[in-house]
Amino acid sequence: MRYSQMFIPTVKEIPAEAEIPSHRLMIRAGFIRKLASGTYSYLPLGWRSLLKIVNIVRQEMNAAGAQEISMPIIQPMELWAKTGRDKDYGETMCRFTDRHGREGALAPTAEEVVTSLVAADISSYKQLPINLYQINTKFRDEFRPRFGVLRSREFLMKDAYSFNTDANSLNESYQQMYEAYRRIFSRCGLPFLIVEAETGEMGGSQSHQFTVPCETGEDIIVQTDDLSYAANLEKAEVDPLPREDASADIEPLEEVHTPGVGTIEDVCAFLGTQPAQMIKTLIYEVGETQTAVCLIRGDHEVNNEKLTQVCGGVHIELADEKTIREVSGAAVGFAGPMGLAGKVDKLIIDHAIAAMITGVTGANKTDYHVRNVVPGRDFPLEGGNVVIADVRNATQSDTHGGKKLLFTRGIEVGQVFKLGTKYSELLGAKFDDETGADKPCLMGCYGIGINRILAAAIEIGNDEKGCILPISIAPFEIEVLPINNDSPDVVAEAERIYRQLVEAGADVLLDDRNARPGVKFNDADLIGVPLRLVVGDRSLREGDVEIKRRREPKPTATPASEAVAKAMEIIDQMKQELLASG
């Protein structure tokens, strides 16, 4: 391709709205342009890179036995209502009503659609296992789109779905996708961690997340200091805290007037206590008809994924003010656990609360709190509806298996799930086994964020000059730069090298613009082409050209007659290095 014939609108200015390097550089390098909040157009360079990523994903999915299909982006809401995920996704779904009054959504994912598809056409164990995938646009109405294409409203996703006859078959499909993902991210040049993850709205029994370590990533990864355990924050399990020292005398309950003081911070300031001594009493609506109370320490945060699992995997949300008053008898901010076990369906107590000797909490009376609340004395730690569980986020002071926890950040680029029969039972994806018995399919699902791979590669591969992209997903493998277009010899040699590189199979960009050398060099660095071949008057008079890798500080002189062979050798070497690093 010739630079002069391409649409590559590079810019020098740093975009004001761009918060992280990948967002800034994708705009400056002419990869993307913003249309509206959370929506972007991909320009030729960005689209070329995306297509290379898509090609890698497609090759590995096909090699793993998955079959590509394409499913509608417009999905009927009645299908989502059958699984209850219309409530789970809530306002994140891009919903609409058509001219006939039918409610629909723009696809955030496709479990319901693919399950209904299989339900209509699969009837026998002889047709299984099967793995269907698509590479298609998804939509999620993010409350706060940010970080460019890392958290956008519209994005390109590879989503695959396996249908299996039994647990062994599902394990096999899951492992095939697990290994395919390892190959995909290695081929894309991404360093990655594989961590345990919660299944979230997807449901199911097991999940692993593929994460690119990066300080600007939104995901928090928790690892033991010996790296024997790794999970994302939503999944990270912590050891129960040891029981606090009970040697001191325990005082009776003391009610304290705390007018207008409802937050943890305000209560601590008013009473002179610490957040770790506070018992937060949070009331939740569970599913359609149930309520639950969750108790955690004032210095801890509820982990909604863990809490959801304790509640049976159904949709949960914080109760409204009316429900809080009905359950606690007090305004928001003044609920306490005393006497609530008999008023709700579940009393869920975090391990850290069970380890406390005394605490401070709401008095179930507006404008009042109580001191000296004793778990086990003033509210139960056992009984029919009492559950003691790990329902909070891990912290720096926690351990797992007795080992200290370390926290890092990362960008999630893929996730695999064992779904089990959640969707197949609700949507009728069943098969007759060898005996003729009717059974639900066991399912797995496997997602990759195509856009995120490109953004993550730039986020970890950049310098003050611009992008540093892996050769497998860079828009071009090599760029030929003639630095004096007024010289017929320079132009002729650059054209010769360009043609021969194309004939040799290289993906090459010729910067044939009539521009100053500095402009060409700056743009080459900005767009991140991995290899540069410079043809200039001075070096050409000595029979040489200069070849430079994007990451290297200085070029290497190479005889012009050997330039094409040398460049192809380096391109092949870079590809081999990429594979070896995985």
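Q: Why does Glu 288 count as exposed?
A: In this predicted model, Glu 288 has a relative accessibility of 65%, and since exposed means over 50%, the residue counts as exposed. Glu 288 lies in the loop between strand E14 (279–286) and strand E15 (290–297), and its C-alpha atom is separated by 9.1 Å from that of Val 314, which is 26 residues apart from it along the chain.

Q: What makes the pairing of the side chains of Glu 288 and Lys 87 a polar contact?
A: The two side chains come to 3.2 Å, and a polar contact requires a pair of N or O atoms within 3.5 Å, one able to donate a hydrogen and the other to accept it, so the value of 3.2 Å satisfies the distance limit.

Q: Why is Arg 549 called buried?
A: The relative accessible area of Arg 549 is 17%, and buried means under 20%, so Arg 549 is placed among the buried residues. Arg 549 belongs to strand E31 (residues 544–549), and, leaving aside residues up to four places away in sequence, it touches Pro 530, Leu 531, Ile 570, Gln 573, Met 574 and Glu 577. With Glu 577 there is also a polar contact between side chains, at 3.1 Å.

Q: How do you know that the span of helix H2 agrees with its number of residues?
A: Helix H2 (residues 44–63) has 20 residues, which at 1.5 Å a residue should span 28 Å, and because its end C-alpha atoms are 28 Å apart, the two values agree. Just after H2, Gly 65 takes a positive phi of about 95°.

Q: Which elements do the buried residues of H2 pack against?
A: The buried residues of H2, including Leu 45, Ile 53 and Met 61, pack against strands E2 (39–42), E7 (130–139) and E8 (154–164), as well as helices H6 (167–187), H12 (450–460) and H14 (517–527).

Q: What makes strands E29 and E32 the edge strands of the open sheet of five strands?
A: The order of the sheet is E29-E28-E30-E31-E32, with mixed pairing, and strand E29 (508–510) and strand E32 (556–559) each pair on one side only. Neighbouring strands of this sheet are turned by 25° against each other on average, direction ignored.

Q: How do you know that strands E28 and E29 pair?
A: Pairing needs at least two bridges, and E28 (residues 478–482) and E29 are joined in the parallel sense over three bridges, so the requirement is met. Within these strands, Glu 479 stands opposite Leu 509 in E29. Helix H14 packs on the sheet, touching E28, E29 and strand E30 (531–535), and its direction makes about 175° with that of E28.

Notes. Residues are numbered from 1 along each chain as its sequence is written. This is a predicted model: local features need pLDDT of at least 70, side-chain atom pairs count only at pLDDT 80 or more; totals for chains, interfaces and linings use all residues. Side-chain values use heavy atoms; hydrogens and water are left out. Helices (H or I, at least four residues) and strands (E, at least two) are DSSP runs, numbered from the N terminus. The expected span of a helix is 1.5 Å times one less than its number of residues. Buried means under 20% relative accessible area, exposed over 50%, partly exposed in between (1.4 Å probe, protein chains only). Contact means heavy atoms within 4.5 Å. Axes are lines fitted to C-alpha atoms, for helices over the stretch in contact, and angles run from 0 to 180 degrees between N-to-C directions.
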